[in-house]
Amino acid sequence: MLTLEQIESAILQLSPNEYEKLIQWFADLDYQRWDEQLEKDIADGKLEALAQEAIAEFEARNYRTI
């Protein structure tokens, strides 16, 4: 397993094209993990209170349109 220091050093040695590919890969990975966490939070009911609050605000017509 590489250390963080070794990974940082390797990144600094990448060509601009390789660096851009790494950035895109990392962004895709980050979005994928965020989506997975969101799905887990929804399944675990962690967002239920926020959803109910939003529905109540909407039903009370406590919102504005753009």
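Asp 41 is buried, at a relative accessible area of 16%. The cut-off makes the call: buried means under 20%, so Asp 41 falls in that class. The model is a predicted one.

**Salt bridges**

What does Asp 41 pair with in a salt bridge? Its partner is Lys 46, at 3.8 Å from N to O. Lys 46 counts as exposed, with 54% relative accessibility. A buried residue therefore joins an exposed one here.

How many salt bridges are there? The count is two. The other pair is Asp 44 with Lys 40, whose closest N and O atoms lie 2.8 Å apart. Asp 44 is partly exposed, at 44%. Lys 40 is also partly exposed, at 45%.

The table sets out the residues of these pairs.

| Residue | Salt-bridge partner and N to O distance | Relative accessible area | Class |
|---|---|---|---|
| Asp 41 | Lys 46, 3.8 Å | 16% | buried |
| Lys 46 | Asp 41, 3.8 Å | 54% | exposed |
| Asp 44 | Lys 40, 2.8 Å | 44% | partly exposed |
| Lys 40 | Asp 44, 2.8 Å | 45% | partly exposed |

**The nonpolar patch**

Turn now to the surface. Leu 2, Leu 4, Ile 7, Ile 11, Tyr 19 and Ile 23 make a nonpolar patch of about 530 Å². Two helices each supply at least two of its residues: H1, which spans 4-12, and H2, which spans 16-43. Which helix gives the most? H1 does, with three residues.

Take Ile 11 as an example. Ile 11 sits in helix H1. It is partly exposed, at 31% relative accessible area. A patch residue needs over 30%, so Ile 11 passes that cut-off.

**The whole chain**

The chain has three helices and zero strands. Read from the N terminus, the order is α-α-α.

How does the overall shape look? The radius of gyration is 21 Å, whereas a compact globule of 66 residues would have one near 11 Å. Along the principal axes, the C-alpha atoms fill a box of roughly 55 × 30 × 15 Å.

Burial is scarce by the numbers: 2% of the 66 residues count as buried. The chain exposes about 6600 Å². Carbon and sulfur atoms supply 57% of that area.

Charge comes last. The chain carries 6 positive and 15 negative side chains. The centres of these two sets lie 5 Å apart.

Terms used
Residues numbered from 1 in each chain as written. Predicted model: local features only at pLDDT ≥ 70, side-chain atom pairs only at ≥ 80, totals over all residues. Heavy atoms only, no water. Patch = residues over 30% accessible without salt bridge, like charges linked within 9 Å, V, L, I, M, F, W, Y side chains within 5 Å. Areas by Shrake-Rupley, 256 points an atom, 1.4 Å probe, with all protein chains shown as cover. Salt bridge = Lys/Arg side-chain N within 4 Å of Asp/Glu carboxyl O. Helix = DSSP H or I, 4+ residues; strand = E, 2+ residues; numbered from the N terminus. Buried < 20%, exposed > 50% of the residue type's maximum accessible area, 1.4 Å probe, protein only. Rg over C-alpha atoms; globule rule 2.2 N^0.38 Å. Lys, Arg positive; Asp, Glu negative; His and termini not counted. Charge placed at Lys NZ, Arg CZ, Asp CG, Glu CD.
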